[in-house]
Structures are given as C-alpha cells and as structure tokens.
Amino acid sequence: MKVEIWSDVMCPFCYIGKNNFEKALEKLPFKDEIEVEWKSFQLDPMLNPHEIKTTFDYFREKKGVPEVQAKQMVEQVSHMGNTAGISFNFDKAIITNTFSAHKLLHLAKKYKKANEMEEALFIAHFIEGKNVGDINTLVDIAGSLEINTDEARKVLTSEEFDDEVKHDFSEAKDHGISGVPFFILNGKYAVSGAQPVDFFAGALQQTYDETVVPLKNLSGDDNSCGTDGCSI
C-alpha cells in the first residue's frame, strides 16, 4: 500500500500533518506494509532564492496581512503544533525559496532517507531558524543524515533533480492540488490538510481494507497551506 504526500518545508500544517500521520501509522498492525513517498510542492515559487524574510515581514509584504493579525494566526498554529508535539519557533523562522530543499529531498530518496530528510528540513526551518535555501546549510543537513556532502553540494549547484522536483509540481497540478499537506492513499482516496491522528488511522484502515475504487476526498476541516496563504 502506497501513500503519496505533497508537502512544502515552509508549511506548518505539513509538519503537523506529518506528525499526526506517523502517530496514526503506529496504531496500525499493517504499518510495515505502507510505503510513503514524499512529493515536492512550493507554496511560493516566486520567492527570490537569494532573499530571506521573517515570518511577519512575509505576511505583511507578500500577503498583505497586518502584523497583529499575523501574530494571531501564528498563535493558533503554534497551539495546534503543541497539541501535535511540535514547538514551533516562528520568531526565528526564515522565509525563502524552497526549491533547493526539495532537490535535497529527492537526493535523500535515492538513499531511502526521504522521511528523515523531510523531518530534518522541518526542524531546521521551524525549530532552529535555519535558512533552508542556503546551500551550505542544506549540505550540513545532508551530512547529518550521513549523505555524502560532496554529492549533496554537486546536486545543489547543478540541475540534477530539477526535473524530478518539477515533475512533482506537475503531478500536483494534474491532481488539482492547490494546498498542502495533501495525501493520496494507494491511488484511492485523497486527504487534504493536517487531519487528526484518528482520522488518518481510519482513512488508512479503510484504504487497506477496500478494493480499488475511484479517488474520493475523505478530508474534514482543511487545515492546510495554499498559494494564497494558510487556512485555519
């Protein structure tokens, strides 16, 4: 059974969704039969890869959201994160273009370390306040997962894996995905947003039990991030 997950490093709901999804897996007796494939998605592909912003500057400049409102939104997401076991550090988070981070994710796939890389990138961005668009930072993250740093630097300074990242973007468009996280369960069901643990567990169990049927949307409240911002 295969689960495809579209995600972006800058999406807090993607991190919450990852945690809830993994907790759901632990509840299931067939967890070892589930193959998880992480897919790339960019919330803002137009960001300058050589420019960084604070979370609040980004909300104000790019989304036109006043700082007071932005802080209220961040507080709500932080509360959801705490419930999921994540201590977001939005005051330190650096907003930048994530294309290079997605290239590193695809390199990690080569070594069957995509899940570990996704987690490491989330921690770097949301907890440690690192610039996940910076090549040296990304090379260090690769090294922390025992991925050859020379190979990582070569990938990040060339066009290697560019096509793979863009293919994920194209797949997302074909599926009508406009917000993340977005999960496709064995090609049968679509789940969007950072759903609760029990919801994920039920959806996975149902998918596992059933024969192939047309894609259906099992989502509840759409706690996700899209190109127009995050819904809460």
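Helices and strands are named here as DSSP runs, numbered from the N terminus. In this predicted model, such numbering places Gln42 in the loop between strand S2 and strand S3 (53-54), and that residue is a convenient point from which to begin.

Although Gln42 is a loop residue, it counts as buried because its relative accessibility is 8%, and buried here means under 20%. Its side chain has polar partners: a polar contact of 3.0 Å joins it to the side chain of Asn97, and a further polar contact, of 3.4 Å, reaches the side chain of Thr98. When residues up to four places away in sequence are left aside, Gln42 touches Asp8, Asn97, Thr98, Phe99, His102 and Phe169, a list that takes in both of these polar partners, Asn97 and Thr98.

From this buried polar residue we may turn to the nonpolar interior. In soluble globular proteins, nonpolar side chains tend to be buried together. The largest nonpolar core of the model has 40 residues, and within it Leu104, Met117 and Leu204 have the most contacts. The surroundings of Met117 can be given in detail, for it touches Leu104, Leu105, Ala108, Ile141, Ala142, Leu145 and Ile147, again not counting residues up to four places away in sequence. Apart from this core lies another, of 29 residues, which includes Cys14, Tyr15, Ala172 and Val180.

The model also holds enclosed space, with one cavity of 30 Å³ or more, and the largest cavity has a volume of about 290 Å³. Its lining consists of 22 residues, and those nearest its centre are Met10, Pro12, Tyr58, Phe59 and Cys230. Two or more lining residues come from each of helix H2 (55-62), helix H3 (67-83), helix H5 (114-127), strand S9 (224-226) and strand S10 (229-231). Sorted by class, the lining of this cavity has 15 nonpolar, five polar and two charged residues.

An open site, the largest pocket, contains about 360 Å³ of space. Of the 15 residues that line the largest pocket, Glu35, Val36, Glu37, Ala114 and Asn115 lie nearest its centre. Helix H1 (12-26), strand S2 (35-40) and H5 each supply at least two residues of this lining, and S2 gives the most, with four residues. The lining of the pocket divides by class into six nonpolar, one polar and eight charged residues. Helix H5 thus appears in both places, contributing to the lining of the largest cavity and to that of the largest pocket, while S2, which lends residues to the pocket, leads back to the loop that holds Gln42.

Technical notes. Residues are numbered from 1 along each chain as its sequence is written. This is a predicted model: local features need pLDDT of at least 70, side-chain atom pairs count only at pLDDT 80 or more; totals for chains, interfaces and linings use all residues. Side-chain values use heavy atoms; hydrogens and water are left out. A nonpolar core is a set of buried Ala, Val, Leu, Ile, Met, Phe, Trp, Tyr and Cys residues joined through side-chain atoms within 4.5 Å. Buried means under 20% relative accessible area, exposed over 50%, partly exposed in between (1.4 Å probe, protein chains only). Contact means heavy atoms within 4.5 Å. On a 1 Å grid over the protein atoms alone, a cavity is a set of points where a 1.4 Å probe fits but cannot get out, and a pocket is an open set with protein on both sides within 12 Å along at least five of seven lines; lining residues have an atom within 4 Å of a point. Grid points are joined across faces, edges and corners, and a volume is the space filled by probe spheres set on the points. Ala, Val, Leu, Ile, Met, Phe, Trp, Tyr, Cys and Pro count as nonpolar, Asp, Glu, Lys and Arg as charged, and the others, Gly among them, as polar. A polar contact is a pair of N or O atoms within 3.5 Å; within protein, one must be able to donate a hydrogen and the other to accept it, and residues adjacent in sequence count only if both atoms are side-chain atoms.
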